[in-house]
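Work through the following exercises with the sequence and the model side by side. Try each task before reading the solution beneath it.

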Amino acid sequence: SASVVVEQLKNLGTVELDQAVRRGYGEKAFEIRSDSFRPMTREELRELSVHPLASIGIHGRDHLPLDICSPEQVRKQILGCKEDLAGITGIEPTCVAYPYGRYNQTTFDILCEEKISYGFGCESGKNLCGQSRILELKRSNPQGWWNIPAQCSAYRSRQPITPMAMRMLSGVLQLRRALQ
């Protein structure tokens, strides 16, 4: 099935993935069919980065699943992306969305060294104060073709992690790092 193929492709490096897609689907697989399928331009990213409700975060330089990378590869993915984004936006990123939602303890160790304050996996759900780990936050992924009010209701929580709570948790994490 398609989902099995996708899962297998996620374990390939960038070059191998590119080759596998070309072999299996041809050059048409790389055609950008509309504006909604293309990456943001540097200018668009820079413009979004200054919006008060937006945070631009790390996603890895090559979109590799971090749990199968060596510590050196994880560091290269994190630092490379961090430097790229800071160079484009002028803002050093403090969060990460793990490629494919995959990470491990090595990933956490490197993120802490690099002062990355919070991280998002792929698990859908609500983040509750006192119950959510700051480097393993769930995320909401609203879809325009589904029932929007139902999605908003599902993402709403009585005890969400608010921006203030995020800053407090980030401060606790930084203090913990300083004491280690």
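The exercises below go from the overall fold to single residues.

The model is predicted, so local features are taken only at pLDDT of at least 70 and side-chain atom pairs only at pLDDT 80 or more, while totals for chains, interfaces and linings use all residues. Residues are numbered from 1 along each chain as its sequence is written, and side-chain values use heavy atoms, with hydrogens and water left out.

**Exercise 1. Fold and burial**

Task: State how many helices and strands the protein has, and in what order its elements run.

Solution. Begin with the assignment, in which helices (H or I, at least four residues) and strands (E, at least two) are DSSP runs numbered from the N terminus. The count is seven helices and three strands, and from the N terminus on the elements run α-α-α-α-β-α-β-β-α-α. Next consider burial, where buried means under 20% relative accessible area, exposed over 50% and partly exposed in between (1.4 Å probe, protein chains only); buried residues make up 29% of the 180 residues. Finally, with contact meaning heavy atoms within 4.5 Å, residues 24 or more positions apart account for 54% of the contacts with a separation of 6 or more.

**Exercise 2. The span of a helix**

Task: Compare the expected span of helix α2 with the distance between its end C-alpha atoms.

Solution. The expected span of a helix is 1.5 Å times one less than its number of residues. Helix α2 covers residues 14-25, which is twelve residues, so it should span 16 Å. Its end C-alpha atoms are 16 Å apart, in agreement with that expectation. After the helix comes G26, whose phi is positive, near 80°.

**Exercise 3. The largest nonpolar core**

Task: Describe the largest nonpolar core, and identify which element gives the most to it.

Solution. A nonpolar core is a set of buried Ala, Val, Leu, Ile, Met, Phe, Trp, Tyr and Cys residues joined through side-chain atoms within 4.5 Å. The largest one has 22 residues, and those with the most contacts inside it are I58, V74, I78, V96, Y98, L111 and L135. Two or more residues come from each of α4 (71-89), β1 (95-97) and α5 (105-113), and α4 gives the most, with five residues. Leaving aside residues up to four places away in sequence, I78 touches I58, L66, I110, L111 and E114. As general background, nonpolar side chains in soluble globular proteins tend to be buried together.

**Exercise 4. Two helix residues, L45 and P71**

Task: For L45 and P71, decide whether each is buried, partly exposed or exposed, and list its contacts beyond four places in sequence.

Solution. L45 lies in helix α3 (residues 42-49), and its relative accessible area of 15% makes it buried. Its contacts at that sequence separation are M40, I56, L85, I88 and T89; the C-alpha atoms of L45 and I56, eleven residues apart along the chain, are separated by 8.1 Å. P71 lies in helix α4 and, at 40% relative accessibility, counts as partly exposed. P71 touches T106 and I110, while P71 and D109, 38 residues apart in sequence, are 9.5 Å apart from C-alpha to C-alpha.

**Exercise 5. Aromatic rings**

Task: Classify the ring pair of Y118 and F120, and find which residue has its charged end over the ring of F30.

Solution. Rings of Phe, Tyr and Trp (its six-membered ring) pair if their centres lie within 6.5 Å, with planes under 30 degrees apart counted as stacked, over 60 as edge-to-face and the rest as tilted. The structure holds four such aromatic pairs. For Y118 and F120 the ring centres are 5.7 Å apart and the planes stand at 85°, so the pair is edge-to-face. Y118 is buried at 15% relative accessibility, whereas F120 is partly exposed at 22%. Ring pairs also link Y98, Y103 and F108 into a cluster. A charge sits over a ring if NZ of Lys or CZ of Arg is within 6 Å of the ring centre and within 35 degrees of the ring normal; the charged end of R22 sits over the ring of F30, 4.2 Å from its centre.

**Exercise 6. Positive phi outside glycine**

Task: Locate H63 and K115, and give the phi of each.

Solution. Most residues other than glycine have a negative phi. H63, in the loop between α3 and α4, has a positive phi near 60° and is partly exposed at 31% relative accessible area. K115, in the loop between α5 and β2 (118-124), has a positive phi of about 60°, and at 57% relative accessibility K115 counts as exposed.
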